[in-house]
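This report concerns the packing of helices and strands in one structure. Please consult the sequence and the coordinates shown below while reading.

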Amino acid sequence: MTKEHVTLKDIARVAGVSTATASLALSGDPRVSVKTRRAVEEVAKRLKYVPNEIGRSLRAKKAETIALIFPNTTHFAFSHPYFVQLLEGITEVLVENSFHLLLSTAPSEADEAAAYDKILRNRRADGIILWPASIRDRNILRIVESGYPVVYLGKWHHDEVITVEREEFGGAYKATEHLIKQGRRKLVMISGPLDYQVSIERVEGFKRALQDHQILFEPWMVVEKDFSMEAGALAGKELLESGHRFDGIFAANDRMAIGAMKALQQAGATIPGDVAVVGCDNIEMATMTSPTLTTIDQPMREIGAIAARKLIALLNQEDVGEKQTVVPSQLIIRESCGAGA
């Protein structure tokens, strides 16, 4: 009898039990005695039995799979270094709990709707971890309020939805306040797209820090870009050409901060002498720039792990703990802000 041809019926015959009993024993069903279960498990091990996971999950009406959905944001998600950290946190918990991971992405909102329908209609996943989308994305509301088990990686507008969010407002506040404490009073912010809640929260944190330190906010002080390094460089050039004086920049991610630093340096400005710079995300490249980049660290691995644990608890009908979890950020001080390493 070869490994490829070992079936549940073979296990049952060798162990001297019915096929149903063998199935229950291998699934750990308490209705099977300890003695019988151990005998069946020993036979399965000796014959190198490999269970049919697909068939088992269909019979249990469970996919044993968690979907991680990136709604119409594939470019930003996959090109960003913290995507790997998020995946590591999620997969570590899923492996511990014998779940598989399904990645779902879509290039457009129409494709996104079709992808969601397949998951919801065919139950390709038992639950969903959902990356934030544009606040105008109509599909997000539909999937969050579908009744399907969902953990949303951002802020939601009502308290019944289970969320895990980064400290967006607080992180931006810390970054801006740090620049002010370094004596910088003419501050600007390079934000991400303002149809995303993450960008809105960071801009509000920037504004609040200015307000709390009696610095007047003006609309020109926020330059909206798309989170890329090229956009950061363009923002730096636009700020230099605007005629407005500034001595500090908070960029809503490290890639834009690095792009802006390069543009300023190419124009002859010194960092942090003329302009102090603080980024956000603490990517590895932030330690390799000259000067090294002060930034806000957001623990994406921890965020992924918390989200996965909450979803598995929800699926197991266990207590998920607090429904809304905000994971604190940390200011990482390096050379670009003028405070030293």
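## Pairing of strands E6 and E8

Strand E6, covering residues 187-191, and strand E8, covering residues 248-251, run parallel and are joined by 4 bridges. One bridge partner can be named: valine 188 is matched by isoleucine 249 in E8. The model in which these pairings occur is a predicted one.

## The sheet and its helix

E6 and E8 belong to an open sheet of 4 strands, ordered E7-E6-E8-E9 and paired in parallel. The edges are occupied by E7 (222-224) and E9 (276-278); each has a single partner strand, so one side of each lacks a neighbour in the sheet. On average, and with direction ignored, neighbouring strands of this sheet are turned by 20 degrees against each other.

Helix H10 packs on this sheet, where it touches E6, E7 and E8. The direction of H10 makes about 170 degrees with that of E6. An angle over 145 degrees counts as roughly antiparallel, so H10 runs roughly antiparallel to E6.

## Helices H9 and H10

Two packed helices are described by the angle between their axes and the distance between the axes. For H9 (residues 168-181) and H10 (residues 197-212), the angle is about 40 degrees and the axes lie 7 Å apart. The two helices are therefore oblique to each other, and H9 passes H10 in a right-handed crossing.

On the H9 side, the contact involves Glu168, Phe169, Ala172, Tyr173, Thr176, Glu177 and Ile180. The residues they meet in H10 include Val198, Glu201, Arg202, Phe206, Arg208 and Leu210. Sorted by class, the contact of H9 with H10 comprises 8 nonpolar, 2 polar and 7 charged residues.

## Helices H11 and H12

H11 (residues 229-241) packs against H12 (residues 254-266) at an angle of about 45 degrees, with the axes 6 Å apart. This angle makes H11 oblique to H12. H11 passes H12 in a right-handed crossing.

H11 contributes Met229, Gly232, Ala233, Gly236, Lys237 and Leu240 to the contact. From H12 come Arg255, Met256, Ile258, Gly259, Ala260, Ala263 and Leu264. How many residues of each class make up the contact of H11 with H12? There are 8 nonpolar, 3 polar and 2 charged residues.

How values were computed
Residues are numbered from 1 along each chain as its sequence is written. This is a predicted model: local features need pLDDT of at least 70, side-chain atom pairs count only at pLDDT 80 or more; totals for chains, interfaces and linings use all residues. Side-chain values use heavy atoms; hydrogens and water are left out. Axes are lines fitted to C-alpha atoms, for helices over the stretch in contact, and angles run from 0 to 180 degrees between N-to-C directions. Angles under 35 degrees count as roughly parallel, over 145 as roughly antiparallel, 65 to 115 as roughly perpendicular and the rest as oblique. A crossing is left-handed if the near helix is turned anticlockwise from the far one by less than a right angle, and right-handed if clockwise. Contact means heavy atoms within 4.5 Å. Ala, Val, Leu, Ile, Met, Phe, Trp, Tyr, Cys and Pro count as nonpolar, Asp, Glu, Lys and Arg as charged, and the others, Gly among them, as polar. Two strands pair if DSSP finds at least two bridges between them.
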